[in-house]
Amino acid sequence: MYKFILDADALIKLTKSGILEDVCHHYTCIITTEIKNECVDEGKKRLYKDALKIEEFINKNLLKIIDFKKARKIKENLGKGETSTASLYFQEKNSIVVTDDSAFIKYLEENNIKFFVPADLILLMKISNKIDKKTALNYLDKMKGFIKKEAYDDVKKDIKEDLKW
Amino acid sequence: MVVVYPMKLREEIIPLIELKSKEEHTNKAIVLKQFLYKGLENYVIELVNRGRLSIGKAAEILDLSIYDIHEIAKSKGLKLSATREQRQKSKEYLLNK
């Protein structure tokens, strides 16, 4: 079973698409305290409704908070949330980072760290037969406003083509 | 931390600074800071869009939330996400489980 470590950007996009609860039910989803601060605490202060949804998933223990024990020295162009996510990756064996942040992905690629973009979690759920094509396309459409057109088109094509392992 | 930084401004812009400060019932230093911050915001969002700065770091620099960064990007017609090549890599990881 997959174990995902989500950064703030991925968490927000998965919440907006409506797929987060489904993902959390089928896979282990972890965030750090820093990500909780960014998505829940800061979001609530500014009255973003998605912050309440994320808090609900944490309270239901669908999203687990795990803190890293050893902080890594990471690049200066990354924030506290991304840094904590990468630090936790080195601690949590067989995990995959979920992010849609281009600068963070560059760091992950440089360090051969496996990652998924949030839209590919929709594809994963579809390939694993956890959701049907119509549902997958519906989730992707809700994410459309937050991902680059070419990435959206590519994922949409992959969902429609019934890709298999 | 706050840093005091001296700078020279062209005389011609001072009346505009004064006008804005009167209209908004604030002082000229705040008006200057607002202009500076607006320019900084545009620059930071552009850096995020080009993958040179993370969204989290942008939020820290501008003292905003991640949600705010996405809202600002949206207002500028930008979508802050992985590039096509990065998404392809993600798909490769997914298919070669």
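**Exercise 1. State how confident the predictor is in chain B, in chain A and in the complex.**

Chain B has a mean pLDDT of 95, and 100% of its residues reach 70 or more. Here pLDDT is the predictor's confidence in each residue, from 0 to 100. This is a predicted model: local features need pLDDT of at least 70, side-chain atom pairs count only at pLDDT 80 or more, and totals for chains, interfaces and linings use all residues. Residues are numbered from 1 along each chain as its sequence is written, while chains are lettered from A and ligands numbered from 1 in the order in which they are written.

Step 1. Look within chain B. Confidence is lowest in helix α5 (residues 84–95) of chain B, at a mean of 95, and highest in α3(B), at 97. Helices (H or I, at least four residues) and strands (E, at least two) are DSSP runs, numbered from the N terminus.

Step 2. Turn to chain A. Its average pLDDT is 95, with 100% of the residues at 70 or above. Helix α9 (residues 149–160) of chain A is lowest, at a mean of 94, and β5(A) is highest, at 98.

Step 3. Take the complex. The predictor gives an ipTM of 0.92 and a pTM of 0.92.

**Exercise 2. Work out the strand order of the sheet in chain A, and find the partners of β1(A).**

Step 1. Read the order. Five strands form an open sheet, β3-β2-β1-β4-β5 (chain A), with parallel pairing. Two strands pair if DSSP finds at least two bridges between them.

Step 2. Find the edges. They are β3 (63–65) and β5 of chain A, each pairing on one side only.

Step 3. Take β1 (residues 3–6) of chain A and β2 (residues 28–31) of chain A. They run parallel and are joined by three bridges. A:F4 stands opposite A:C29 in β2(A).

Step 4. Now pair β1(A) with β4 (residues 95–98) of chain A. This parallel pairing has four bridges. A:K3 stands opposite A:S95, and A:F4 stands opposite A:I96.

Step 5. Recall the general rule. Strands of a sheet pair through backbone hydrogen bonds, either parallel or antiparallel.

**Exercise 3. Describe how α3(A) packs on α5(A), and list the buried residues of α3(A) and α1(A).**

Step 1. Set the geometry. Helix α3 (residues 33–45) of chain A and helix α5 (residues 80–91) of chain A pack at about 145°, with axes 8 Å apart. Axes are lines fitted to C-alpha atoms, for helices over the stretch in contact, and angles run from 0 to 180 degrees between N-to-C directions.

Step 2. Give the hand. α3(A) passes α5(A) in a left-handed crossing. The term means that the near helix is turned anticlockwise from the far one by less than a right angle; clockwise is right-handed.

Step 3. Name the residues. A:E34, A:I35 and A:E38 of α3(A) meet A:K80, A:G81, A:S84 and A:T85 of α5(A). Contact requires C-beta atoms, placed from the backbone, within 7 Å. By class, this contact has one nonpolar, three polar and three charged residues. Ala, Val, Leu, Ile, Met, Phe, Trp, Tyr, Cys and Pro count as nonpolar, Asp, Glu, Lys and Arg as charged, and the others, Gly among them, as polar.

Step 4. Check burial. In α3(A), the buried residues are A:E34, A:I35, A:E38, A:C39, A:V40 and A:G43. A residue is buried if 20 or more other C-beta atoms lie within 10 Å of its own, exposed if 12 or fewer, and partly exposed in between, with C-beta atoms placed from the backbone.

Step 5. Do likewise for α1 (residues 8–17) of chain A. This helix is mostly covered, with 10 of its 10 residues buried. Among them are A:D9, A:K13 and A:K16.

**Exercise 4. Locate the positive phi values.**

Step 1. Start after the helices. A:G18, just after α1(A), has a positive phi of about 90°. A:L47 follows α3(A), with a positive phi near 60°.

Step 2. Go to the loops. A:N112 lies between α6 (102–110) and β5 (115–116) of chain A. Its phi is near 50°, and A:N112 is exposed, with 6 other C-beta atoms within 10 Å. B:D63 lies between α3 (55–62) and α4 (66–75) of chain B. The phi of B:D63 is near 55°, and B:D63 is exposed, with 8 C-beta neighbours inside 10 Å.

**Exercise 5. Describe the side of chain B that touches chain A.**

Step 1. Count. 28 residues of chain B contact 38 residues of chain A.

Step 2. Assign. α3, α4 and α5 of chain B each give two or more residues to this side. α5(B) gives the most, with nine.

Step 3. Classify. This side of chain B has nine nonpolar, nine polar and 10 charged residues.

Definitions and conventions. Two residues are in contact if their C-beta atoms, placed from the backbone, lie within 7 Å.
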